[in-house]
Amino acid sequence: MGHTSLEKIIALQKKTPHIRNLCILAHVDHGKTTLADCLVASNGIISSRLAGKVKNREHTKNKVCIIFKMYSQKMGIRSSVLLKTLWGDFYLNAKAKKIMKGAQSKGKKPLFVQLVLDNIWSMYDAVVTRRDKEKVEKMVTSLGLKVMSRDLRHSDPKVLLSAICSQWLPVSQAVLSMVCEKLPSPAEISAERVEKLMSVGARRFDSLPEQTQELKKAFLDCSADETAPVIVFVSKMFAVDSKALPQNKQRPLTQEEIAQRREQARQRHAERQAANQSAESPGSADTGGASTTVAPASEALSVKTAVEEDNKEHFVAFARVYSGVLRKGQKVFVLGPKYDPSLLPEGCSAADVLPSVPHMACCTVDSLYLLMGRELEELDEVPTGNVLGIGGMEEFILKSATISTSPSCPPFTPLNFEATPIVRVAVEPKHPSEMPKLVRGMRLLNQADPCAEVLIQETGEHVLVTAGEVHLQRCLDDLRERFAKIEISASKPIIPFRETVIRPPKVDMVNEDMGKQQKVAVIHQVKEEQTKYPEGVQVDSTGLVTLTTPNKMATVGVRAIPLPEEVTRLLEDNVELIRTMEQFSLFAWEDKTLDINQKILENIQEFKVKLESNLQGRKWRGAVERIWAFGPRRCGPNILLNSVEGYRRPSVWQCLEREKETEKAEIRDFDNSIASGFQLATLSGPMCEEPLMGVCFSVETWDMKLSAPLAQQDSIDEDSQTAEPNIDNQNESSDTHETNASSASSNRSRSGAEATGSSVDCYGPFSGQLIAAMKEACRYAFQAKPQRLMAAMYTCEIMATAEVLGRVYAVLSKREGRVLQEEMKEGTDMFIIKAVLPVAESFGFADEIRKRTSGLASPQLVFSHWEVISSDPFWVPTTEEEYLHFGEKADSSNQALKYMNAVRRRKGLYVEEKIVEHAEKQRTLSKNK
């Protein structure tokens, strides 16, 4: 097919029923680029000889459709019957010329193999394997193909195979015909999908503002009328070189421009000659010398500026129009993912001067592009249903956004990515003076890569968070060569860990049952640790920690309990539901209502039922109804339990039982201080200041002795302590949700105090003491239980031949990996190995496994879960068997201790290790003689 003109494409864009939007999704090296190249080549954008190569021989149902008619005529079978029986346990009875069932039981080839695969493999065998020229020519003639003589004589058989298959089974025609037949047009969007796009988070569609609900008709109509509101969704931002933009491309000069440039060159030549003549005269030597030295400097400066401008990266927004016509120069609203249309005044439009609304900006569309493969073609307008590129949006859109002429439009549901950013590095420039370039480069990288995250820590470090080792290397290369264009230094990868507690183990380190000797040793160890606790801290034998505030006005008793693994996993999988519950509680305490989608309410109810079914036993009786908070960041995999006798506070499930809970529940003063201390404790644990996971803190006692002078003093100091209410928020400001949650809790405490008529100031010095006491009580309760580290784990899938299986297992075991499954791929000699591997041990894993197997095995790593490291980092030998096995020092490698010390050393925390200083060589007796 020849190259389609831009005018024809613009005309086709206006025919919405004829538009099909196609997404190609597949594994690495599974033919995505090949298929895309074939489709693009059919439009004349790239050469058909460069598209596909040998991969056109891939056998799919779509490719076979074009040859069904020929087969059905030859066998006398209807095409409809052939299509129904092609896939499945059917075979062709050649004698009866009938399609019969039971190919597998009768040892017959399935119909698809008989009609399709055998022919493709026969062609492949004749062309590539045996190189039988006579058979190839016979097959080409029988198929009626026209193959060029240079392809027939080519030394590489894959070139000939590609030439034959591209005519025999053209993938572009097959795929495009099936796309047109099976995929719906943008005008056929369903009402259910529209409501799902418009209902962000837990919002119910009928709870949205009336003007917002009216936009549903615009989605369904998919109209390109002048009155239709413009609705566009930007899914990502991608960087392009300034030279690739249409306005910067070189174009043929007109006769007038050629004449103008010729005249300018003539003038510059005359000026140069005049300058040379003046330089030769003795009277004007100084002046001429000065002029000749200044001119080159200014020219060099202008050239340098021009080069920097040419090398500047520009961002183009990849978007799709859902309603209306987007035009160049049009004034639109850019709506962020957290935008709320209910905050707007009624009856406003893009032409009005609107007040400042969070997560909304107003801008003018700078330029519109048609995406033609790698090329960009400039457009004046794009009607509904089309995919396009929008220029000039880098100042308004970070990663994704919704664009509309109506501020009542809700933001679309944000995109979710399977790959979780888990590996982080600290980045700095080699030359400190280039720090502004690094900051700008990291901002551009954050905008260009939807899966990368850029953070600035409290220490001032610039941190880059990526999905894995390969993604990290790609991001660093982009920083050096594309975005920052400076030399940078990256730290060693920072691997996150989690801290947890477990039940007391029943076996020791040599896998023997713990006897009386072991238990006595543990009791003595606990008594020794008891003497280390500061004044005001008491720990009993059951692990209950009782701690008193420095002013002796409050006492809290906390116990740490390990959560079942199923509960921890359930909390991790339902983070969004927990955030919705927290948001509902915030609205309730501010006397506002939040209408939650019925489906979300059903999911919350199902989440509660699952939580109750997994928390069984005497100690968990009624625990789900007594949940005080989740943490850290109020949505994490840890639970704060209210076990205080006689205290019934509002439930976290009040969105399910509103009236029943609000009638009976009453909040105590400083309730938020207890929750804030829990949030701080779960955000950084005592082992190595990493977040906690799978821990339940049960508050069993909470006594306060507030006196009247204390309440009056708190009220007097309220003005002088203006910075005090923000202590919580500063400590927990590592994330936006945490900041919002802290302010939410503050509002709750205010409204609670006002409702009960209390004169106690919940933000005075006593509040800070209670927060610190609760945090320390949780940490001591955590340390009173057996502590363990949790490591981030990758799921590793490896394809390898039988000859290198042993080497693959050796590399996995060396890096603390564990094989889960091994199966053979049918029809090949390849084995598929599924294993888990710690993220901390994954760096260099792919390179090592390729080297050890000579490239015959390649791994695919995806973040999977968190797993408890079985070894105790604080373990010391206590039994005779352990002393015999590990020695008195027990200085053999402890993986958990190694990880913990590495994290503590990186964070500047104290590390207990033996360091030899001023060592002297030991003298032997023979040397003393």
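**Close-up views of a predicted model**

**View 1. Surroundings of R788 in strand β24.** In this predicted model, a polar atom of the R788 side chain lies 3.2 Å from the backbone oxygen of S870. R788 has its place in strand β24 and counts as buried because its relative accessible area is 7%, under the 20% that sets the limit for buried residues. Leaving out residues up to four places away in sequence, R788 touches R498, E499, T500, I502, P505 and M687, and also V868, I869, S870, S871 and D872.

**View 2. Helix α27 and its buried side.** Helix α27, which spans residues 805-814, has L805, V808, V811 and L812 as its buried residues. These four lie on the same side of α27, because they cover an arc of only 125° around the axis. In general, an α-helix has 3.6 residues a turn, so residues three or four places apart point the same way. The cover over the buried residues of α27 includes strands β24 (787-801), β25 (818-824) and β26 (830-838), together with helix α28 (845-852). On the face turned away from the buried side, α27 carries the exposed residues G806, S813 and K814, and just after the helix E816 takes a positive phi of about 60°.

**View 3. The largest nonpolar core, with F697.** This core has 102 residues, and those with the most contacts inside it are I390, F697 and W702. Helix α26 (residues 765-783) gives the most to this core, contributing nine residues. With neighbours within four places in sequence left aside, F697 is in contact with V558, R559, A560, I639, L640, L641, F678, T682, L692, C778, A781 and F782. Another core, of 29 residues, lies apart from the largest one and has I561, V567, L571 and W620 among its members.

**View 4. An open sheet of eight strands.** The strands follow one another in the order β7-β6-β12-β3-β4-β11-β8-β9, and their pairing is antiparallel. Strands β7 (360-364) and β9 (375-379) form the edges, each pairing on one side only. On average, and with direction ignored, neighbouring strands of this sheet are turned by 40° against each other. Helix α1 (residues 6-13) packs on the sheet, where α1 touches β8 (367-372) and β9, and the direction of α1 makes about 65° with that of β9.

**View 5. Pairing of strands β3 and β12.** Strand β3, residues 231-241, pairs with strand β12, residues 401-404, in the antiparallel sense over four bridges. Within this pairing, I231 stands opposite S404 in β12.

Technical notes. Residues numbered from 1 in each chain as written. Predicted model: local features only at pLDDT ≥ 70, side-chain atom pairs only at ≥ 80, totals over all residues. Heavy atoms only, no water. Pairing = 2+ DSSP bridges. Helix = DSSP H or I, 4+ residues; strand = E, 2+ residues; numbered from the N terminus. Axes fitted to C-alpha atoms, helices over the stretch in contact; angles between N-to-C directions. Contact = heavy atoms within 4.5 Å. Core = buried A, V, L, I, M, F, W, Y, C linked by side-chain atoms within 4.5 Å. Buried < 20%, exposed > 50% of the residue type's maximum accessible area, 1.4 Å probe, protein only. Arc of directions from axis to C-beta. Polar contact = N/O pair within 3.5 Å; in protein donor to acceptor, adjacent residues only side chain to side chain.
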